[in-house]
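Colleague: I should like a close look at one strand of this model, followed by its wider setting in the fold.

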Amino acid sequence: MLTAAHCCTLLCRLVHGAVPAGKYGEDLSGGYYESGGSSLKMGAVSAYVPLFLATTAFCFPEGYNNTGLLDELKFKVKWGADFLLNSHVDDYVYMGSMGNDTEAFDNYAPLELFEKYSPDRIVGYCTKDDPCSEITADAAAALAAASLLLKADNPQWAANALAHAVQLYKFATEHQRSYMDTSDPAVQVFAYLYESTGFKDELGFAAAMLYKATGEEQYKQDAEQFFDESPDTQTQELGELKPLTAVLMSQLDPSNSKYGDYLQSFFEQYLSLKGEIKHTKCGLAIPYHWGALTHGPNVAMLGMCYGKGANVDPDYRARLFNYGQHQVDYVLGDCGRSWLVGFGKDYPQYLHQIPSYNSILVWKDETDPLGDRIAGTNYPGPITTEKTDRPQMWQKGMVDFYGNYFPQRHIAYGTLFGAPLMDDGMVTSRRDYTYTEPTVIYNTAIVGALAGLAEYYGAGPWSGELQEVNQVDYSAYLKQ
Ligand SMILES: *[C@@H]1O[C@H](CO)[C@@H](O)[C@H](O)[C@H]1NC(C)=O
Ligand SMILES: *[C@@H]1O[C@H](CO)[C@@H](O)[C@H](O)[C@H]1NC(C)=O
């Protein structure tokens with residue numbers, strides 16, 4: 001469906017120039033970039049952020065409200081959801097992936113300059129011929145969740161988001177196929193970077209969230225069927241939504257014991273001394289090393305949310321809360337250093353995160369990227385476009401960024417680092433992105449876990465530095 005918003009967008013584009021747009025003229029500004037080192041916007045990543053954050057708000061409404069962060073959380077969810085709405089250009093056409101990985105990963109110049117120095121980004125679609133059930137189901141779930149979260153603030157927006165969610169779910173279930181089989185070159189970029197283990201878990205979560213948002217019985221039955229058809233998993237993350245589905249369904253369908261039974265065996269992998277998940281010396285869960293800091297907080301959030309259920313045995317609930325708090329305490333500094341940027345002791349200074357690095361700040365002149373050698377570095381310049389076939393800005397940015405000559409120039413408050421070593425040591429080379437690269441999806445876990453603990457301890461508004469986080473007025477945007 002082409003809406004008035006799209007037409008307005010097209011007009012804005014004509015007036016302002018470089019607003020990224022898709023094949024149908026849809027506005028593809030906004031939303032979330034995939035990760036610290038990437039300007040890609042990928043359908044499932046873009047959906048996971050609002051999907052997970054909104055779910056945490058249903059788990060811990062008082063945690064957010066008491067800390068004064070509920071409106072900010074709604075803002076983050078709506079920001080992500082508005083991008084998904086723009087991406088849904090027609091009933092069976094959804095923008096599934098934007099950007100070329102080779103080109104995006106080569107650009108280490110500040111993202112503010114990306115539009116200027118990068119070629120037009122490729123854009124790919126999920127269609128009837130090339131469906132991507134994981135991506136469209138995630139988008140359906142995110143929009144259903146956002147609709148519910150924003151309903152009181154903005155009923156009109158919420159109704160529209162829910163209508164899109166219902167249609168996207170229809171698309172995902174009527175044309176069931178994984179994005180791994182797509183023939184669209186831009187969606188293949190996403191398939192190359194994020195291998196899917198199947199789409200039934202995404203369909204199950206979307207059905208569960210639509211059941212929560214609409215109360216329609218059919219969604220409940222679908223959720224159970226897709227849940228049964230999803231393989232078990234060791235982790236909750238993008239592409240693995242079975243644990244989150246179980247938490248949601250354990251509350252929506254409490255008399256059905258299968259969700260609690262599944263969760264107990266899921267949690268046991270972490271909680272049991274004989275469990276399958278390895279832990280660092282200090283006790284952070286490491287299912288596998290890449291981006292491992294997200295998993296402890298994810299299990300913390302799931303355990304605390306599930307543990308609030310009336311059916312859960314109090315001793316077991318205490319065990320879940322203890323484990324969750326231990327994981328969060330690790331992140332905040334209990335093992336000698338904080339892993340959350342801007343908070344606590346010795347937090348990470350070398351991140352594979354381009355926006356907070358902002359390489360251009362020490363350059364002589366933005367228009368003269370081959371200016372003087374960067375003081376104190378081995379910058380080899382001059383590098384010419386002829387030699388590398390890449391804009392000079394990109395080349396200089398890469399040397400600067402990968403050289404690890406300077407710590408991050410801005411403090412990206414609240415950014416969760418990638419992963420510690422098994423002995424709890426920290427990697428400080430940006431080249432080792434499996435340890436040092438934060439992503440929006442990793443970060444959702446710690447946000448949810450902190451909301452859970454804030455609710456449990458009844459903490460009030462943040463009272464340290466950064467008071468202004470409680471004082472931003474988001475209401476105009478929420479009502480838009
Ligand atoms: C949030 O807290 C305020 C009091 O601080 C209360 O009036 C309001 O009802 C709460 N809202 C929600 C959604 O819990
Ligand atoms: C991505 O960019 C590289 C380098 O410019 C090019 O070789 C490749 O064909 C592009 N891939 C797609 C899917 O457009």
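Which residue in β4 is the bridge partner of Met95?

Modeller: The bridge partner of Met95 in β4 is Tyr125. This is a predicted model, in which local features need pLDDT of at least 70 and side-chain atom pairs count only at pLDDT 80 or more, while totals for chains, interfaces and linings use all residues. Residues are numbered from 1 along each chain as written, chains are lettered from A and ligands numbered from 1 in the order in which they are written, and side-chain values use heavy atoms, without hydrogens and water.

Strand β4 covers residues 123-126; strands (E, at least two residues) and helices (H or I, at least four) are DSSP runs numbered from the N terminus. It runs antiparallel to β3 (residues 93-98), and four bridges join the two; pairing requires at least two DSSP bridges. In a regular strand the side chains alternate between the two faces of the sheet. In β4, Val123 and Tyr125 point one way, whereas Gly124 and Cys126 point the other way, and all are buried (under 20% relative accessible area; exposed is over 50%, partly exposed in between; 1.4 Å probe, protein chains only).

Cys126, in this strand, is joined to Cys132 by a disulfide, S to S 2.2 Å (a disulfide being a pair of cysteine sulfur atoms within 2.5 Å). The link of Cys126 and Cys132 is left-handed, with -115° about the S-S bond. Cys126 has a relative accessible area of 0% and is therefore buried; Cys132, at 1%, also counts as buried.

This link is one of three disulfides in the structure, which follow the pattern 1-5, 2-3, 4-6 when bonded cysteines are counted along the chain. Cys59 is joined to Cys305, S to S 2.1 Å. That pair links distant parts of the chain, 246 residues apart: Cys59 lies in helix α2 (residues 43-59) and Cys305 in helix α14 (residues 295-307). The torsion about their S-S bond is about -80°, so the disulfide of Cys59 and Cys305 is left-handed, and both cysteines are buried.

Cys282 and Cys335 form a disulfide with sulfur atoms 2.0 Å apart. Its torsion is about 65°, so this disulfide is right-handed. Cys282 sits in the loop between β5 (278-279) and β6 (285-286), and Cys335 in the loop between α15 (314-334) and α16 (354-357), 53 residues apart. Cys282 is partly exposed at 32% relative accessibility, and Cys335 is partly exposed at 22%.

Turning to the interior, the largest nonpolar core has 129 residues, of which Ile135 and Phe267 touch the most other members. Such a core is a set of buried Ala, Val, Leu, Ile, Met, Phe, Trp, Tyr and Cys residues joined through side-chain atoms within 4.5 Å. Helix α7 (residues 133-150) gives the most to this core, with twelve residues. Not counting residues up to four places away in sequence, Phe267 touches Val299, Leu302, Gly303, Tyr306, Tyr316 and Leu320 (heavy atoms within 4.5 Å). Apart from the largest core lies another, of six residues, among them Tyr108, Ile354, Tyr357 and Tyr402.

A polar residue is also found inside. Gln236, in the loop between α11 (217-229) and α12 (242-252), is buried at a relative accessible area of 1%. Leaving aside neighbours within four places in sequence, the contacts of Gln236 include Tyr48, Phe52, Phe266, His295, Asn298 and Leu302.
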